[in-house]
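Let's take a friendly walk through this model, starting with a sheet and ending in the nonpolar interior. Keep the viewer open as you read.

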Amino acid sequence: MKNPGNPAPAPAPAADPPPPLPGSTTLFALDPGTAHLNHGSYGAVPVPVQRRQAELRAALERDPDGFFQDAPDRIARARAEIATALGGHPDRLALTTNVTEAVAVALDSVPLGPREQILVTDHGYGAVTRACERRAAETGAVVRRVRISPHAPDRDAVAERVLAAVTPHTRIAVLDLVSSPTARAVSGPALLAALRERGVITVVDAAHAPGALPVDLGGAAGGADFWAGNLHKWAFAPRAAAVLAVDRPWRAKVRPLTLSWEHDRGFPRRVEWRGTFDYTPWLAAPAGLALIQRIGADRLRDHNDRLAAHGQRLLVERAGLRALPALPGLGMRAVRLPPGTAEQEHAAKALMTAVHRTLDTRVAVRPWPGGGILRISAQLYNRPEEYRRLADGLARLLTR
């Protein structure tokens, strides 16, 4: 994985937002009455990719027998195109529905014993952490959660906390490349290398990497033993589509969640095949990656990064919120809500609902002790005025 840089401690000095890119008003079918500032959760599928998936579904219904007979080879061809876009080799990747499933496959493939530890951080995605807890309960292992301040200044400070938590019993570390609730960098090449030196197996949750950051899976799995990234967030694929990259020593040991007729074909087919399943998101995923290349990957990332930074500055300047450290180049930013706000799950959900109902805006809010965290995203279809409306509306909502 090419290092996208260290997080910055605060937003950059005020600057103008980027101009709109061509196609920003025609490529998506989103409700124009709502400001969709939460691309990082579910993505948005461009219209050309929707059409490609519709063509595939129509082909399936015309001849189900023929479609499923050819599906394993069609999946392999799609995987080869996806691997090329991610700088990897198709035999080192498997397609899955999402990162949560991919991490479950990785956890299920590593033998664990009593007292061995699975290391996670409190910035991890909730369902992934729960998968670690279930695997630990099944094997007698222990989940050790590393607490990291949302205001930790950079990736080095995060790495220091993670490495300090490693013990002789640490077997696996499950770490985000970019954390979901806080939109910050957690793992990087240096931390992964240090964990490998200590004999720790690494699983990287790179849900927000494909399409949003430069990805290079050449050689190993992004420097990890297992690396998983979603295609249906920033890579414009239909839901649900993701990749699981596996380093060489583990490929023959990967244990799929479901046994299938392709099991004896080995990795990656044993992970991918699941009978009468909807494979059209995977088969249409190359169309999303091709669209990004036509727009210009660097151009799109720069637009999203600048627009997200602009939105974060507005939330600081107009709503009085505190910026959290950001990962330059990423179209997501986070701010800290006031103490007593959205500190519990029900309160975070209530605030998201209030923002939607009163401001016609979608955002992500995650509970956090001492003040919840609000995350915004920026994508091709967003406009500066949407963030201004959010900032001004939040200032009123939070003082009620």
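**From the sheet to the cores**

A good place to start in this predicted model is the link between S9 and strand S10 (residues 332–336): the two run antiparallel and are joined by two bridges. If you want a landmark there, look for Ala 323, which stands opposite Val 335 in S10. Now bring in the helix that lies against this region. Helix H11 (residues 297–319) packs on the sheet and touches S9, S10 and strand S13 (373–377). The direction of H11 makes about 15° with that of S10.

Zooming out, you can place these strands in an open sheet of four, ordered S9-S10-S13-S12 and paired antiparallel. At its edges sit strand S9 (322–323) and strand S12 (364–366), each of which pairs on one side only.

Next, turn to the nonpolar interior. Which residues of the largest nonpolar core touch the most other members? They are Ile 82, Trp 227 and Leu 231, out of 42 residues in that core. Several elements supply at least two residues each: helix H2 (47–62), helix H3 (64–85), strand S2 (93–96), strand S8 (242–246) and helix H10 (280–295). H3 gives the largest share, with six residues.

Try selecting Ile 82 and its surroundings. Setting aside neighbours within four places in sequence, Ile 82 is in contact with Leu 95, Leu 231, Val 243, Trp 282, Ala 285, Pro 286 and Leu 289.

There is also a second, separate core to visit, made of 29 residues. Among them are Leu 112, Cys 132, Leu 244 and Trp 250.

Terms used:
Residues are numbered from 1 along each chain as its sequence is written. This is a predicted model: local features need pLDDT of at least 70, side-chain atom pairs count only at pLDDT 80 or more; totals for chains, interfaces and linings use all residues. Side-chain values use heavy atoms; hydrogens and water are left out. Two strands pair if DSSP finds at least two bridges between them. Contact means heavy atoms within 4.5 Å. Axes are lines fitted to C-alpha atoms, for helices over the stretch in contact, and angles run from 0 to 180 degrees between N-to-C directions. A nonpolar core is a set of buried Ala, Val, Leu, Ile, Met, Phe, Trp, Tyr and Cys residues joined through side-chain atoms within 4.5 Å. Buried means under 20% relative accessible area, exposed over 50%, partly exposed in between (1.4 Å probe, protein chains only).
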